[in-house]
Amino acid sequence: MSDEQPVRLHCFAHSAGSVPAFGHWAASTGPGVEVVPVALPGAGRRPAPGTSAHEALLADVLPLFTGPQPGPYVLYGHGLGAMAALAVTRALHEAALPGPALLAVGACPPPRAARELPDVRAATDAELLHVLGGRGAVPPASDEGILLRAVLPVLRADLELAQCLEEAARRPSPAGPLTTALLVIAAAGDPPGPPAPAGGRQWTQGPVRTRTVAGRPFSPRGGRELPRLLGRACRVAARLVREPAPVG
């Protein structure tokens, strides 16, 4: 692969402002892979009136992939970033544009039929904090509530984006189901989920594989095993694209 363009590994983090989480990955993915962090819309950027968070995300991110690409590329999404990577892949598919050679997702279950949280767009701050506090998703507040006032806009923006992306993922695509290869990455010690093909069919009709990495909690900052795994997956995916199997 030394004479070829490196495979670009576009990484979507678990929340806005988390791009630095991938800063050390370039040293671990191995040869022939270029790590490209992708920023999600920040909490201070509200969608324009009449525009959903899903549409705002695609307006920001999709232009990165609609122009000519130097070679095969892979999308990896972590948590909320997994849903963002799925949304980008589906948008490319619906526009009849070339998509990633591989979609890899971590720390994210398939889109659910029913939500466990209230409608973020309609919930008051108090309602949102009550639900999140009961789940241990927010730290205890001081008497003045300074910490919660600081983090609530970020939490709300991330949850609103997650809700919009999940709703979009559940809608049938007018272009038919994806056929993109899918790699589902699980953390050792996570509760067992559905078998890879069964859960993966909610993402794609293409080949589905599952791999497990050590570490809990599952965080992009935690160790080198995850970027090493993704580096190997990038090289395999690129080789399959560049050297398709003969027909007949």
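Select β3, α3 and β4 together: in this predicted model, these three elements form a right-handed β-α-β unit. Strand β3 covers residues 73–78 and β4 covers residues 102–106, while helix α3 spans residues 80–94.

Keep α3 highlighted and add β1 to the selection. Helix α3 lies across β1, β3 and β4, and it runs at about 145° to β3.

**Strand β3**

Next, hide everything except β3 and display its side chains. In a regular strand the side chains alternate between the two faces of the sheet. Here Tyr 73, Leu 75 and Gly 77 point one way, and Val 74, Tyr 76 and His 78 point the other way. Are these residues buried or exposed? All of them are buried. Because six of the six residues of β3 are buried, the strand is largely enclosed by the rest of the structure.

Now bring back the partners of β3. Strands of a sheet pair through backbone hydrogen bonds, either parallel or antiparallel. The pairing of β3 with β4 is parallel and extends over five bridges. Select Gly 77 to find one point of this pairing: its bridge partner in β4 is Val 105. The pairing of β1 with β3 is likewise parallel, over five bridges. Which residue stands opposite Gly 77 here? The residue to select is Phe 12.

**The whole sheet**

Move on to β1, residues 7–12, which is joined to β2 by six bridges in a parallel arrangement. Select His 10, then Val 36 in β2, which is its bridge partner.

Display every strand of the sheet. It is an open sheet of six strands with parallel pairing, and the order to trace across it is β2-β1-β3-β4-β5-β6. Which strands stand at the edges? They are β2 (33–38) and β6 (208–213); each has a single partner strand, so one side of each is left without a neighbour in the sheet. Rotate the view to look along the sheet: on average, neighbouring strands are turned by 20° against each other, direction ignored.

**Two helices in contact**

Finally, return to α3 and add helix α1, residues 53–61. The two helices pack at an angle of about 75°, with their axes 10 Å apart. Because of this angle, α1 counts as roughly perpendicular to α3. To see the contact, show His 54, Leu 57, Leu 58 and Val 61 on α1, together with Ala 84, Ala 87, Val 88 and Ala 91 on α3. How many residues of each class take part in the contact of α1 with α3? There are seven nonpolar residues, one polar residue and no charged residues.

Notes. Residues are numbered from 1 along each chain as its sequence is written. This is a predicted model: local features need pLDDT of at least 70, side-chain atom pairs count only at pLDDT 80 or more; totals for chains, interfaces and linings use all residues. Side-chain values use heavy atoms; hydrogens and water are left out. Two strands pair if DSSP finds at least two bridges between them. Helices (H or I, at least four residues) and strands (E, at least two) are DSSP runs, numbered from the N terminus. Axes are lines fitted to C-alpha atoms, for helices over the stretch in contact, and angles run from 0 to 180 degrees between N-to-C directions. Contact means heavy atoms within 4.5 Å. Buried means under 20% relative accessible area, exposed over 50%, partly exposed in between (1.4 Å probe, protein chains only). A crossover is right-handed if, with the strands pointing away from the viewer, the path from the first strand over the helix to the second runs clockwise. Angles under 35 degrees count as roughly parallel, over 145 as roughly antiparallel, 65 to 115 as roughly perpendicular and the rest as oblique. Ala, Val, Leu, Ile, Met, Phe, Trp, Tyr, Cys and Pro count as nonpolar, Asp, Glu, Lys and Arg as charged, and the others, Gly among them, as polar.
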